[in-house]
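Here is a short report for a first look at this model. It covers a pocket, then a sheet.

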Amino acid sequence: MKKIQQLTKKAQYGIYFLLPLLTILVIFIMQHIFPFGQNTLFTYDLNEQYVDFFAFYRDTILHHPSQFFYSFTNGLGGETVGLWAYYLLSPFNLLLLLVPAKYITVGVLVITLLKYGFAGYAICYFLGHTFNNQKVEKYLPMVSVFYPLMGWAIANQFNIMWLDVLILLPFMLYGIEKIISTDKFLYFTVFVALTLLINFYMGYMACIFACLYFVWTAVRQWNGWKNFGQHAWRFALGGILGATAVSFLLMPAYYDISHSKGQYMLANIPIKIEYAPWKMISKFLIGTVNDEQIQGGLPNLFIGSAIIIGFILYFVAKRIPLKEKIAAFLVSGFLFLSLCFSPLDLFWHIFQYPVFYPYRFSFVIGIWMVILAIRGLTMIGKPQKYQLFIAFIIPIIGLLLIAIQYKNFDFLNNQKIILSAFFFCLMFIALSLTLLLDHEKIRNLRAKSLALLAVLILAIVEAGTNADLTLKVFQWTKQTDFAAFTTALDSDAKWIKENVKADEFYRIAKTYQRTENDSLQGSYNGISNFSSTQRAAVTKLMDDLGQPTYTGKVNYTKGTPLTDAIFNIQYYLAPANQFENLNGSNVTPAISYRPDVSYYTRIHESSSAVTYSNPLAMGIGFAANRNVYHLPEMSTDNAAANQNAVMNAITGKNENYFNEIGYSIEAINCHLDNGANGTLITDNKKQPSRYTVILRNVTAQPYYIQMDSNILWNANIKINDHPLPGVGNIAHPALINVAANVPGSTIKIEIEPIDGNAISLGSLRVYQFDLSKLQQDVYQVKQDEFKLSYKGKLNLEGTINIPNNQDTLMTTIPYSSGWHAQVDGKSVKIKKALGAFVAVPMKSGKHTVTLSFWPPLLNIGIVVSVLTWIILLMVWRKERQ
C-alpha cells in the first residue's frame, strides 16, 4: 500500500510537470514554432543576444574551456565570467550540446518547454509539502498551470535565462519553512547558492522576496520573540553562507559587471510615483502585451482568475489569524508599491532602470499571490455569501474601471476585456461550487470531481489564451533564415581560420550581420558586441568615433580605413555586389555600405561573400606616443575630428585625414532655413520631399558624409537610388561611406523626410579621405608592431621594437586589471590608453613582452567559497545528527 501511495504521489507530480508543458506546447504548435513550422522562438534579445551566447557556450565547453574566463570573440575582447553568471549557467543549457549548431532552435524549444514543466512541478512540490493536506492537493493541478504560465513568464519567455528562478524560488521558500519548523537551514542555503549561481540577477530579486516571505512565515507560525530571533539568525546565516558558497563566481562577476553595466547606475535616485497605480489593474487581464509594453510599459501581472479569487478570500477567511493577515497585507503593500514607486523599483533592479523589459521582479507578485490564494482557498472553510460577494465584486469593479478607461491602454481592446470577464465569471462559478460542495453533508463525489475538473480546464484555457494572445505579438525569426546565415558565416570564418598564420592575431568585420554578436556565433575575433558585460569605456570611445552604440552595445557598422587600421580589422567580409545586397538577403543581411573595402586585397570568394585582407591593419599592439595615456578631447558633433585625434595621439603627429569639401544640392518640395546647415523644411507635407547632396566628378579617394540621429531617424537615406541600411542607435554623428574607387563618377545622397518631418542638418558635412596620408603613417607604425610568437586564449607573447621617440606598447585589448604584463621577464604595471585599452610603458629598444590574463577577484572568491563549503560540511554533519 505504501509503495502504491508513493507511485500515486510520483504520478501526481508528473502531472504537475506535464500540464504546463503540454499547454504551452499546444500554443507553440499553433504559433508554427519549428519543427511544427518555420517560426523559431528567437525574438527580441533571445534573437539578438542569447542564441549567440549559446553558440559561445557550445564552443567553450566543446573546444575552448579557457573561454570561461576571457575571449577575444567577445567584442574587441573581454572577461566572460560576467557573461556566464548573467546568461549561461542554467543546467538546462547542457542540452544544447546534443543538437547541431543550425538546429540550436530545437534545443532552445526543448529547454523552454522543460523550464515551464519544472516550474509547475516546483510550485506544487513547495505548496504540497508546506500546506500538507488534501484540500491543497485539490488545487495543485490548477496552480501547476497558472504559476508557470503567469504573465511575467510569457512576456519574458525570450529572456530564457530568467525562467530558472520560477523553478528555484519555491525550493528556496521551502527552505525557509524548514528553518521555522525544524531549525535547520542547510536546505535553504543550498537553494540560495543555486539560485545565485544559475542567475545572480534573478537570484538577487529572489533573495529580497525571501526576506519578506521569512517575516510572513515567522508571523504565521509565531512562537514568541525568542524563537523569532533564533530563526532570524539561522535565516541570515543561511543566506550569507549561500552567497559566499558561490563567491568564486560572484566576486569576479561583480568586477566584470561593475566595469560594464554597473557604470550606468544612477547617481541620484528619483523619488516619484511612476504612473497612476490603478493602471496596474489592467495588467491582470488577458493578452495585455504589445511592443511598447515590452520596451517600457506596466508590470506583467496576469496570474489567472482563480488565483485572484483565492487571494481575496485569504483576507476574508475567518480561520486565518489576524496577525498573519496583517503581515500578509504589509508584504503585499510593499510588493505592489514596488511596482510604481521609483526608489523601490530601482532597489529591486540593483539601482538601474531596466533597458527594455520593465518590472523584472514582478514574478514575485505571482508566486506571492499563488501562496496566499492556496492558503485562502484551503482555510476559508464553507464560504459565506458576503465572502464570495467580496471575492466577486472587487475584480468586477476593477474590470469595469478598465473597460471604461480602455482607450487609455493601447494594448487592450474589447475582445480582451470581454474574454477576461468571461473567464473570471466562469472560474468564480466553478470555484464557488468546489468550495460549497466540499462542505455538503451528502458528499457528491461526482459533482465535486466535475467542479474541480472545470476549474482545471478553465485554468488551462485561460492561461493558454493569454499565452497565445501574448506570443502573437512577437516577431519570430525563421528557421530557414537562421540556418542559412549561420551556415554561411561558419563557412567563411572557417576559411579564414584555416588560411592564416598560426600566431597571427586578427579581427574580422562585415558589411552584413544577423546580430551584433555574430563573432560569438561564428567563433571569430570581432569588434561589435551586445551584452550587459560590454565595457563602458570602450562603448564611450566607439560612440565618439561615430559607431552606433547603446547601453551594453557597440555595432561597428560605420568604420573607415582609419578605424579599421587601429582596431586591427585584418579581414573584411562583404557581398560581391554591395549595391545589390542593399535590397535584402537572408544570408548576408546588409547592415552597412562600405565601398572603401575595395582598397583592400581580395583573397577569397564564396557563394555568400568576398573576403578582403586589410594591409593597413596595425596588429594587436604597436609602439605609440605617450599621448595615448591621455584621452584626447572629443567633439560631440564631429566624428572625423575625433578619428583624427585618436590617430594623432598614437603617432604623436598633427595630421588631418578627413578634408571637408563642398557639394551641390537639389531640393524638391523642401527648403533650408538658416543656411546650408540649418533646418530642412518640407513645403507641402501631403507630397513627398527630397533633399539631394551631389558630389560631381569624384576622385579615386573614399568619400564620407556625416549625419546624426536627427537625419538618420527622421528620413530615408539613399545613395544613388539604393537605400542605406539600418543605422542603429547613434548618439554622436556617424561617418557614412558613400563612394570609393570610382573616379569621375557622380554620387547622389538623397534625404527624404519621413511624414514631412522638419530635420536639422547641423551635423551634415562631406569629407574626402586622404588615404595616401593614412597609408604613410600606418606603415610607419607597423614597422614597430607587436610581433606575436605565441597566441593563446589567456596570454600573448611576442617582441616589439620601441623607437627613440616612443615609450609605450599600446594594444587594442580593452583595459582590465586582470591583464598582467612582463617586459623582458620583469613585471610591469599596465596603464590605460585612450581611456579604454591596455598599454605597457617601456623604454626604447627591442623587448620581449608577455601579456597574460586572470579574472580579478577569482582567487579570493575561490578561497571564500572553499572556506564556506568546509563550514557547510560541518553544518550538514550536525544537522544529520
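## The largest pocket

The largest pocket holds about 710 Å³ of space. The model is predicted. A total of 27 residues line this pocket. Closest to its centre are Phe284, Ile308, Phe311, Met369 and Ile394.

Which elements give two or more residues to the lining? They are α13 (305-316), α14 (322-338), α17 (385-404) and α18 (414-437). Of the elements, α13 gives the most, with five residues.

## Character of the lining

How do the lining residues of the largest pocket divide into nonpolar, polar and charged? Nonpolar residues number 20. Six are polar, and one is charged.

## A sheet of five strands

Elsewhere in the report's scope is a sheet. It is open and has five strands, in the order β23-β24-β30-β26-β27. The pairing is antiparallel.

Which strands stand at the edges? They are β23 (787-791) and β27 (826-828). Each has a single partner strand, so one side of each is left without a neighbour in the sheet. On average, neighbouring strands of this sheet are turned by 25° against each other, direction ignored.

## The pair at one edge

The edge strand β23 pairs with β24 (residues 795-802) in the antiparallel sense. Four bridges join β23 and β24. Within this pairing, Leu788 stands opposite Gly798 in β24.

Notes. Residues are numbered from 1 along each chain as its sequence is written. This is a predicted model: local features need pLDDT of at least 70, side-chain atom pairs count only at pLDDT 80 or more; totals for chains, interfaces and linings use all residues. Side-chain values use heavy atoms; hydrogens and water are left out. On a 1 Å grid over the protein atoms alone, a cavity is a set of points where a 1.4 Å probe fits but cannot get out, and a pocket is an open set with protein on both sides within 12 Å along at least five of seven lines; lining residues have an atom within 4 Å of a point. Grid points are joined across faces, edges and corners, and a volume is the space filled by probe spheres set on the points. Ala, Val, Leu, Ile, Met, Phe, Trp, Tyr, Cys and Pro count as nonpolar, Asp, Glu, Lys and Arg as charged, and the others, Gly among them, as polar. Two strands pair if DSSP finds at least two bridges between them. Axes are lines fitted to C-alpha atoms, for helices over the stretch in contact, and angles run from 0 to 180 degrees between N-to-C directions.
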